[in-house]
Amino acid sequence: MTLGERIKIILRERNIKQVEFAETLGISANYVNQLVNGKKTNISETLAKLIEESYGYSSKWIMTGEGEKKSSPTLSTAKIEFLKKIQKMPDDEITALLAFANSLETVRQSFSATDNEN
């Protein structure tokens with residue numbers, strides 16, 4: 001089963017149009033059309049996660065067709081909104097955000113180590 005066929009299943013089961021699907025995910029209707037018609041054959045993990053959180057379909061199933069089709073959403077509304085914004089960002093901005101997130105993790109670990117010493 002192709003990615004386009006999996007997207008068609010989501011649209012059919014959720015009874016939504018391509019335009020509504022695109023608007024919910026913050027992507028263009030043309031892009032959705034290209035996915036559905038097989039002109040685009042893969043999507044980013046970020047977009048797959050956004051679909052998972054918005055519609056309840058496993059990102060792994062969306063991307064590969066493997067595993068369970070349905071999943072239960074676990075991301076907060078803020079995280080979903082952030083994923084939508086990331087989807088529209090150029091790679092250099094995403095790299096900067098990743099560096100920032102990694103620096104936060106380093107700070108957390110250093111505070112955790114300090115707390116354990118006391």
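User: How do the residues lining the largest pocket divide into nonpolar, polar and charged?
Analyst: In this predicted model, the lining of the largest pocket divides into 7 nonpolar residues, with no polar and no charged ones.

User: Which residues are they?
Analyst: The pocket is lined by Phe 82, Ile 86, Ile 94, Leu 97, Leu 98, Phe 100 and Ala 101, and the space inside comes to about 200 Å³.

User: And which helix gives the most to that lining?
Analyst: That is α7, which contributes 5 residues, while α6 and α7 each supply at least two.

User: OK, switching to the core. How many residues does the largest nonpolar core have?
Analyst: The largest nonpolar core has 24 residues, and those with the most contacts inside it are Ile 10, Phe 21, Leu 25, Ile 43, Ile 51, Tyr 55 and Ile 62. At least two residues of this core come from each of α1, α2, α3, α4, α5 and α6. As a general tendency, nonpolar side chains in soluble globular proteins are buried together.

User: What is Phe 21 in contact with?
Analyst: If you leave aside the neighbours within four places in sequence, Phe 21 is in contact with Ile 7, Ile 10, Leu 11, Ile 16, Val 32, Ile 51 and Tyr 55.

User: Ile 51 and Tyr 55 came up twice, so what about α4, which of its residues are buried?
Analyst: Helix α4 covers residues 45-55, and its buried residues are Leu 47, Ala 48, Leu 50, Ile 51, Glu 52, Glu 53 and Tyr 55. These buried residues pack against α1, α2, α3, α5 and α6, and just after the helix Gly 56 takes a positive phi of about 85 degrees.

User: Glu 52 is in that list, so what does its side chain meet in a salt bridge?
Analyst: The side chain of Glu 52 meets that of Lys 49 at 3.7 Å, N to O. Because the two are 3 residues apart in helix α4, they are separated by about one helical turn. Glu 52 counts as buried at 10% relative accessibility, whereas Lys 49 is partly exposed at 32%.

User: How many salt bridges does the count come to?
Analyst: The count comes to 4 salt bridges, and one of them joins Glu 13 and Lys 69 at 2.6 Å, N to O. This pair links distant parts of the chain, since Glu 13 is in helix α1 and Lys 69 is in the loop between α5 and α6, 56 residues apart.

User: Where does Lys 70 lie, and what does it tie together with Glu 13?
Analyst: Lys 70 forms a salt bridge with Glu 13 at 4.0 Å, N to O. Lys 70 lies in the loop between α5 and α6 and Glu 13 in helix α1, so the pair ties together parts that are 57 residues apart in sequence.

Conventions: Residues are numbered from 1 along each chain as its sequence is written. This is a predicted model: local features need pLDDT of at least 70, side-chain atom pairs count only at pLDDT 80 or more; totals for chains, interfaces and linings use all residues. Side-chain values use heavy atoms; hydrogens and water are left out. Buried means under 20% relative accessible area, exposed over 50%, partly exposed in between (1.4 Å probe, protein chains only). Helices (H or I, at least four residues) and strands (E, at least two) are DSSP runs, numbered from the N terminus. Contact means heavy atoms within 4.5 Å. On a 1 Å grid over the protein atoms alone, a cavity is a set of points where a 1.4 Å probe fits but cannot get out, and a pocket is an open set with protein on both sides within 12 Å along at least five of seven lines; lining residues have an atom within 4 Å of a point. Grid points are joined across faces, edges and corners, and a volume is the space filled by probe spheres set on the points. Ala, Val, Leu, Ile, Met, Phe, Trp, Tyr, Cys and Pro count as nonpolar, Asp, Glu, Lys and Arg as charged, and the others, Gly among them, as polar. A nonpolar core is a set of buried Ala, Val, Leu, Ile, Met, Phe, Trp, Tyr and Cys residues joined through side-chain atoms within 4.5 Å.
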